[in-house]
Amino acid sequence: MVLKSSPLSPEFGLIIEGVDLRDVTRSGLYPEIRQAFEESSALLFPGQSLNDTQHTALAELFGPLENRDAMAAGRDVAFEVSAVSNVIAEDQVSAPESLHTLNLQGNMLWHTDSTFLPVPALVNILTARVVPTSGGQTELASTRAAWAAMPRELKAPLQDAIIWHRLSHSRSKISSDLAAQREMTRWPDRPWRAVWPNPVTGEEGLFIASHAFAIEGMGLNEGQELIEQAINFCTQPEFVYSHNWQVGDVLIWDERCTLHRGRPWPYEQPRTLKSICCSATESDGLANVKII
Ligand code: OGA
Ligand code: MN
């Protein structure tokens, strides 16, 4: 079967229509969707209606469900679909200066999910349940398109670089109280190679994030300056797609070759997205970024 698709943006991504994601199985449509994911880096399926169980079943096709509590505890912990939401109780949104709201603001820095975990993510599958009347977009930047267009002076020091990642580094840009929370400090610093070649298409993406705090063999300031320049280059408008959410939309992106961020909205309005990340495995080219 051929998917009915149109471009999501000039440089990357596809909008796929005519598919009900509840019907996708390992041999039925998943192979086509997976191939489109490898080639296009981001897939938008408008007008879906996934509940948590259906969302989880879809994610399981992509790889092991990322379960941070289980990873941190080193034992089984029941998996729960994560809510990216300012709703903290029925009819109640988080207060503007609360840690909950600050944590959501951490997502507004250009990042890649899970680069600070022992195993990074392959994919995030995000779906909208409640959307605000304005703002609250999710933006994606193709570090594959940006890498291909990057001038040699910037590219050369990154090509063989090893980048160190730390969750509390990105959180400290928002608030020192937030950065000090156990959830932020529980992961040891994590190094990954800066360039992730896709094992299916051979195309390279820059594997970088707001969590990146140092480059192996470089002074801290010099490394941070290079990280900032690289992120600024990758997130220029020509490499960015900005998604205005409608309830039901499902947006899937390749964490190996994109950056993303949330945009602000009037916080007195509820906004709830549901997110599942799958961990990258050897068949996703994990060995290409692993140091040991
Ligand atoms: C995420 C994320 C941003 C947003 O789900 O990983 O960063 O738009 N979301 O809320
Ligand atoms: Mn994220």
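Is His111 buried or exposed? In this predicted model, His111 is buried, because its relative accessible area is 3% and the cut-off for buried is under 20%.

## The manganese site

His111 is one of the protein donors of the manganese ion (ligand 2). It binds through NE2. The others are Asp113, through OD, and His260, through NE2. These donors lie 2.1 to 2.2 Å from the ion. Their spacing in sequence is H-x1-D-x146-H.

Asp113 is buried too, with a relative accessible area of 10%.

## Around ligand 1

His111, Asp113 and His260 also appear among the residues that surround ligand 1. Others there include Val84, Asn107, Asn124, Leu126, Gln137 and Arg271.

Some polar atoms come within a few ångströms of ligand 1 oxygen atoms. For the side chain of His111, an N or O atom is 3.1 Å from an oxygen of the ligand. For Asp113, the corresponding distance is 3.0 Å. Thr138 has a polar side-chain atom 2.5 Å from a ligand 1 oxygen.

## Asp249, a buried charge

Asp249 sits in the loop between strand E14 (240-243) and strand E15 (250-254). This residue is buried, yet it has no salt bridge. Arg271 is the nearest side chain of opposite charge, and it is 10 Å away. Arg271 is also one of the residues around ligand 1.

What does the side chain of Asp249 make a polar contact with? The partner is the side chain of His243, at 2.9 Å. Beyond its neighbours within four places in sequence, Asp249 is in contact with several residues, including Leu44, Phe45, Pro46, Leu126, Thr127 and Asn244. Of these, Leu126 also helps surround ligand 1.

Notes. Residues are numbered from 1 along each chain as its sequence is written. Chains are lettered from A and ligands numbered from 1 in the order in which they are written. This is a predicted model: local features need pLDDT of at least 70, side-chain atom pairs count only at pLDDT 80 or more; totals for chains, interfaces and linings use all residues. Side-chain values use heavy atoms; hydrogens and water are left out. Helices (H or I, at least four residues) and strands (E, at least two) are DSSP runs, numbered from the N terminus. Buried means under 20% relative accessible area, exposed over 50%, partly exposed in between (1.4 Å probe, protein chains only). Lys and Arg count as positive and Asp and Glu as negative; His and the chain ends are not counted. A salt bridge is a side-chain nitrogen of Lys or Arg within 4 Å of a carboxyl oxygen of Asp or Glu. A polar contact is a pair of N or O atoms within 3.5 Å; within protein, one must be able to donate a hydrogen and the other to accept it, and residues adjacent in sequence count only if both atoms are side-chain atoms. Contact means heavy atoms within 4.5 Å. Donors are N, O and S atoms within 2.8 Å of the metal (3.2 Å for Na, K and Ca); water is not among the atoms, so sites may look incomplete. A residue is near a molecule or strand if one of its heavy atoms lies within 4 Å of it.
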